[in-house]
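Here are some exercises to work through with the structure open beside you. Try each task before you read its solution.

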Amino acid sequence: MASDPVHADESTGKGMLMKADAIADTFRAEVKAALAACTRPPKLVGILSTSSAPSHNYALFTKKQCEDLGVEFVLRTTGAAVSTDLGEGDGVEEAIIEANEDKSVDGIMVYYPIFGGQQDHYLQQVVSPVKDVEGLNIKFHYNLYHNIRFIEPTSLLSALSQQSASTASVPASVPILSDDPPAGTVKSILPCTPLAIVKCLEHAGVYNKVLKYGDRAYGKTITVINRSEVVGRPLAALLANDGSRVFSVDIDSIQEYTKRPSARRTENEGGARRYHPHHVVHPCTLSIEACIALSDVVVGAVPSANYKVPTAQLKDGCVCVNVASEKNFEKDVREKASIYIPAVGKVTILMLLRNL
């Protein structure tokens, strides 16, 4: 889940505090223009089935953003969101199926976590890919991890297979010169929070627009702390597929994501630099402290008030992005960071609404 928009930032230092509002304004204009061309306001259904305070706050935030933009938003509550006498997640699957079958509904979002782990992953697959505005369906994840950026819309109606992916998508091996979809295709939907973080990094100048599309993060080293399936892992893949070297840090391991060939492989192939069509994951022997010290960008996505990235470990002039509902950086983060983005929630909502 994106950062809680209610929390105020208390960071201090000489670096720039870059709030999400200015970044979101660019996409707000884009969404308004798209809505103006619609024959009716699109309808988004939010499904809330837990007593989680962050989920409740995010649902209210979604409602306000939709109302401000002219999107019809309906919040459907089940389980513990209705009464403490009901269990966490009671009735959520039935609510998803009902929204799938409702022809008046254009998009569905579900407020996770509910059960956690595999059960939440199952619920993400229950949502129709045609109405999945969060980009959590396995079809979209397959495309993300294989660096497939454009698809034929009809492919969403067929079962995912290697055959359908190759015949109904633009393969990663085919050169793509811009982010404009080739004729007959649309952009494959990406998970909203990881995409919002990428957009924030583009706004902050981390991406180099002089470089070719699909490689504009080349030369950047990025550490993403927390390898969750909703934010951390897909974000690491997105950034690596855009050319960066990514350290993906989790509680029990550190992995390196890159599409660059290893030095050993380059030597074995006579010095030819043959890039992978999408990122490859390698085990990493560096410590988290060493990863942070090397990083031009550090993304904190740990859902704990007790976890803080020590400011002293940061590289001078780096960019720090807080994604968690709790602040993952110390108050003096801007003494080292040239830019600090304390929350991305307002951008995340607009990424979601672009997918309607």
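**Exercise 1. Find the largest nonpolar core of this predicted model, and say which helix gives it the largest share of residues.**

Step 1. Start with the extent of the core: it has 59 residues. The residues with the most contacts inside it are L44, I197, L201, L239, V321 and L353.

Step 2. Now look for the main contributor. Helix α7, residues 192-203, supplies seven residues, the largest share of this core.

Step 3. Take L201 as an example and leave out residues up to four places away in sequence. L201 then touches V206, Y207, L239, V297, V319 and V321.

Step 4. Check for another core. There is a second, separate one of 17 residues, and I254, V309, F329 and A337 are among them.

A general remark fits here: in soluble globular proteins, nonpolar side chains tend to be buried together.

**Exercise 2. Decide whether helix α11 is mostly covered or mostly open, and list what covers its buried residues.**

Step 1. Count along residues 345-354: eight of the ten residues of α11 are buried, so the helix is mostly covered, with buried meaning under 20% relative accessible area.

Step 2. Name them. The buried residues of α11 are G345, V347, T348, I349, L350, M351, L352 and L353.

Step 3. Look at the surroundings. The cover over these buried residues includes α1 (20-36), β2, α2 (53-69), β4 and α7.

Step 4. Link back to the first exercise. L353, buried in α11, is also one of the residues with the most contacts inside the largest core.

**Exercise 3. Work out the strand order of the open sheet that contains β2, and find its edges.**

Step 1. Read the order: three strands run β3-β2-β4, with parallel pairing.

Step 2. Find the edges. β3 (72-77) and β4 (107-110) each have a single partner strand, so one side of each has no neighbour in the sheet.

Step 3. Add the geometry: from one strand to the next, the twist averages 20°.

Step 4. Zoom in on one pair. β2, residues 43-48, and β4 are joined in the parallel sense over four bridges. Within this sheet, V45 has I108 of β4 as its bridge partner.

**Exercise 4. Inspect the backbone at P113, N147 and N226: what stands out at each?**

Step 1. Begin with P113, in the loop between β4 and α4 (117-126). The peptide bond joining Y112 and P113 is cis, with omega about 0°.

Step 2. Move to N147, in the loop between α5 (138-145) and β5 (150-151). N147 is not a glycine, yet its phi is positive, about 60°. Its relative accessible area is 11%, so N147 is buried.

Step 3. Finish with N226, in the loop between β7 (221-225) and α8 (232-241). N226 is not a glycine either, and its phi is positive at about 105°. With 17% relative accessibility, N226 counts as buried.

**Exercise 5. Where does the pLDDT fall below 50?**

Step 1. Take the chain as a whole: the mean pLDDT is 88, and 87% of the residues reach 70 or more.

Step 2. Locate one weak stretch. Over residues 2-6 the pLDDT is below 50, and this stretch has 18 contacts in the model beyond near neighbours in sequence.

Step 3. Locate another. Residues 159-167 also have pLDDT below 50, with ten contacts beyond near neighbours in sequence.

Step 4. Apply the usual caution: where pLDDT is low, the predicted coordinates should not be read in detail.

Note on methods. Residues numbered from 1 in each chain as written. Predicted model: local features only at pLDDT ≥ 70, side-chain atom pairs only at ≥ 80, totals over all residues. Heavy atoms only, no water. Core = buried A, V, L, I, M, F, W, Y, C linked by side-chain atoms within 4.5 Å. Buried < 20%, exposed > 50% of the residue type's maximum accessible area, 1.4 Å probe, protein only. Helix = DSSP H or I, 4+ residues; strand = E, 2+ residues; numbered from the N terminus. Contact = heavy atoms within 4.5 Å. pLDDT = per-residue confidence, 0-100. Pairing = 2+ DSSP bridges. Axes fitted to C-alpha atoms, helices over the stretch in contact; angles between N-to-C directions.
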